[in-house]
Amino acid sequence: MDRELHARLDDLQRDPYPAYTRARQTEGLTRLAELDAWLVTRDADVREVLRSPEDFSSAMALRPDVLPAPAALAVLGGGFGGRPVVVTADGARHQQLRAPIVRGLSPSRVAAVLPYAAERAAALVDTFTDGQRDHGHVELMSAYARRLPGEVVGRIVGLDPADVPGVVHGGHRAEELLFRPLEEDEQIAAAEDVVAMQHALDRYVRERHAHPRQDLGTELIASVTDEGDGDLTLEHRHQLVAHLQNLLIAGHLTTTALIGTTVLHLLRHRDQWELLRAEPDRIPAAIEEAARYDTALQGFRRVTTRPVVLAGTELPAGAALFVAFGAANRDEKRHTRADTFDITRTPSRHLAFGFGVHSCPGSQLAREQLRLTLEELTTRLPGLRLAPDRPVTMRPTMIHRSPYALHLTW
């Protein structure tokens, strides 16, 4: 993708909602050159795609916006992974990959990790409130939002806490490498960070295979190695690192983004922040509204497996689509006053966590971390405000939409 087109893509991604509105108001589907895909924006059309995986394959769900330079690809060649993952798999393979994750993120597993999550949420808030209660300041993304989700999903998987920061950093760098235009030396540096993460995950795989425990990582390893004679082959290691990398990135980047956008919009709508402080029972509804209003995962790509007609548009086999959850969540036919942020609305069935066979298995874990976050912040920092001298800039991405930074004062 040339720089001019990528600049237009940045503009679209920083604020995609005007383009979504135009597309919903246009008959049929709209093709966007910036995405090199047909844009699916209406709630009904998005649901039709998601309930028909046999017609709309996930194989290209994570197609990158940028092809790394040969030197960066050479660095990546020294890592692990590169195998199909649950997000990009279809049919029986998808179900096979998804099953242990669903078990590992079951309601009972989520409930079991909540005391740890609550402890870590409180401890992270302690780090920026102690001694600063009168004239405090914090950049919430780096001090809290990029830390809590990684620690929590790392706990469920069974990672050594010392490995979690590197794994989280590697996940962010993987996203940058594949979705941001970087100079070659920066691509190489990002690729080195990704490979370091992959080697850490490979060490974890080998250790857990030798010494199983009661954690999600052990279950994932068993689900792969039990297909054969129980030995851990090099191919198994590649499969498991890819699987774990995808799970961990999904488990922390999306929740990090959702924490950032939720706090941002509550503080931009001061009356609703004050209402939440006065009536904490509204926190679950506030989470649903924040997820609907500014969806962290704006959408995924799909590709048609045969000629189909969608929204009156004839599509050949192999047509690329961008299925915009964020656009469907602003569809007036599903959500009244869809462009208004209102935590008092009765929650309706939005698409922030997907729908159908690819719906997010970690949605409850994300919601619980948001709940803990809002309980901590509204109780301990009731005067929290956006720093007036630090304007908020959104990251240009459709994958994990969030502020670059969120400077707050109290």
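**Entry 1: aromatic rings**

I count rings of Phe, Tyr and Trp (its six-membered ring) as a pair if their centres lie within 6.5 Å. I am working on a predicted model here. By that rule I get four aromatic pairs. One I looked up is Tyr17 with Tyr20, where the centres are 5.5 Å apart and the planes make an angle of 85 degrees. Planes over 60 degrees apart count as edge-to-face, and that is the label this pair gets.

Why are these two about one helical turn apart? Because Tyr17 and Tyr20 are three residues apart in helix 2 (residues 17-25). My reminder to self: an α-helix has 3.6 residues a turn, so residues three or four places apart point the same way. Buried or exposed, I wondered about Tyr17 and Tyr20. Both turn out to be buried.

**Entry 2: arginines over rings**

Next I checked which arginine lies over the face of Tyr17. I found Arg330, at 3.8 Å from the ring centre. I also noted Arg47, which lies over the face of Phe355 at 5.2 Å from that ring's centre.

**Entry 3: the three-stranded sheet**

I then moved on to strands. Strands of a sheet pair through backbone hydrogen bonds, either parallel or antiparallel. One open sheet has three strands in the order 4-10-9, and its pairing is antiparallel. Strand 4 (137-139) and strand 9 (385-386) stand at the edges with a single partner strand each, so one side of each has no neighbour in the sheet. Zooming in, I see two bridges between strand 9 and strand 10 (residues 407-409), in the antiparallel sense. Leu386 has Leu408 of strand 10 as its bridge partner.

**Entry 4: helix 13**

Strand 9 came up again when I looked at what covers helix 13. The buried residues of helix 13 (residues 270-278) are Arg270, Gln272, Trp273, Leu275 and Leu276. Their cover includes strand 9, along with helix 12 (234-268), helix 14 (283-293) and helix 16 (363-380).

While in helix 12, I stopped at His265, which lies in that helix. His265 has 6% relative accessibility and counts as buried. What does His265 touch, if I leave out residues up to four places away in sequence? I get Tyr293, Asp294 and Phe341.

**Entry 5: strands 5 and 8**

Strand 5 (residues 299-304) and strand 8 share five bridges and pair in the antiparallel sense. Two of the matches I wrote down: Arg301 has Phe322 of strand 8 as its bridge partner, and Gly299 stands opposite Ala324 in strand 8.

How many of the six residues of strand 5 are buried? The count is six, so I call strand 5 mostly covered. In a regular strand the side chains alternate between the two faces of the sheet. In strand 5, Gly299, Arg301 and Val303 point one way, while Phe300, Arg302 and Thr304 point the other way. I noticed that the residues on both sides are buried.

Strand 8 (residues 320-324) has four of its five residues buried, so the rest of the structure largely encloses it. Strand 8 also runs parallel to strand 2 (residues 37-40), joined by three bridges. In that pairing, Val40 is matched with Val323 of strand 8.

Strand 5 also pairs with strand 3 (residues 56-57), this time over two bridges in the antiparallel sense. There, Phe56 stands opposite Thr304 of strand 5.

**Entry 6: positive phi values**

I went looking at backbone angles. Most residues other than glycine have a negative phi. Asp36 has a positive phi, near 50 degrees. Asp36 lies in the loop between strand 1 (30-32) and strand 2. It is partly exposed, with a relative accessible area of 38%.

Arg337 is also not a glycine and has a positive phi of about 50 degrees. I found Arg337 in the loop between helix 15 (325-328) and helix 16. Its relative accessible area is 43%, and it is partly exposed.

**Entry 7: a pocket**

Last, I opened up the second largest pocket, which holds about 430 Å³ of space. Its lining has 21 residues, and those nearest the centre are Leu159, Asp160, Pro161, Asp163 and Val164. Which helix gives the most to the lining? I found that helix 10 does, with five residues. Helix 8 (148-157), helix 9 (164-179) and helix 10 (184-210) each supply at least two.

Notes:
Residues numbered from 1 in each chain as written. Predicted model: local features only at pLDDT ≥ 70, side-chain atom pairs only at ≥ 80, totals over all residues. Heavy atoms only, no water. Phe/Tyr/Trp six-rings, centres within 6.5 Å; stacked < 30°, edge-to-face > 60°. Buried < 20%, exposed > 50% of the residue type's maximum accessible area, 1.4 Å probe, protein only. Lys NZ or Arg CZ within 6 Å of the ring centre and 35° of its normal. Pairing = 2+ DSSP bridges. Contact = heavy atoms within 4.5 Å. 1 Å grid on protein atoms, 1.4 Å probe; cavity = no way out; pocket = protein on both sides within 12 Å on 5 of 7 lines; lining within 4 Å. Points joined across faces, edges and corners; volume = space filled by probe spheres on them.
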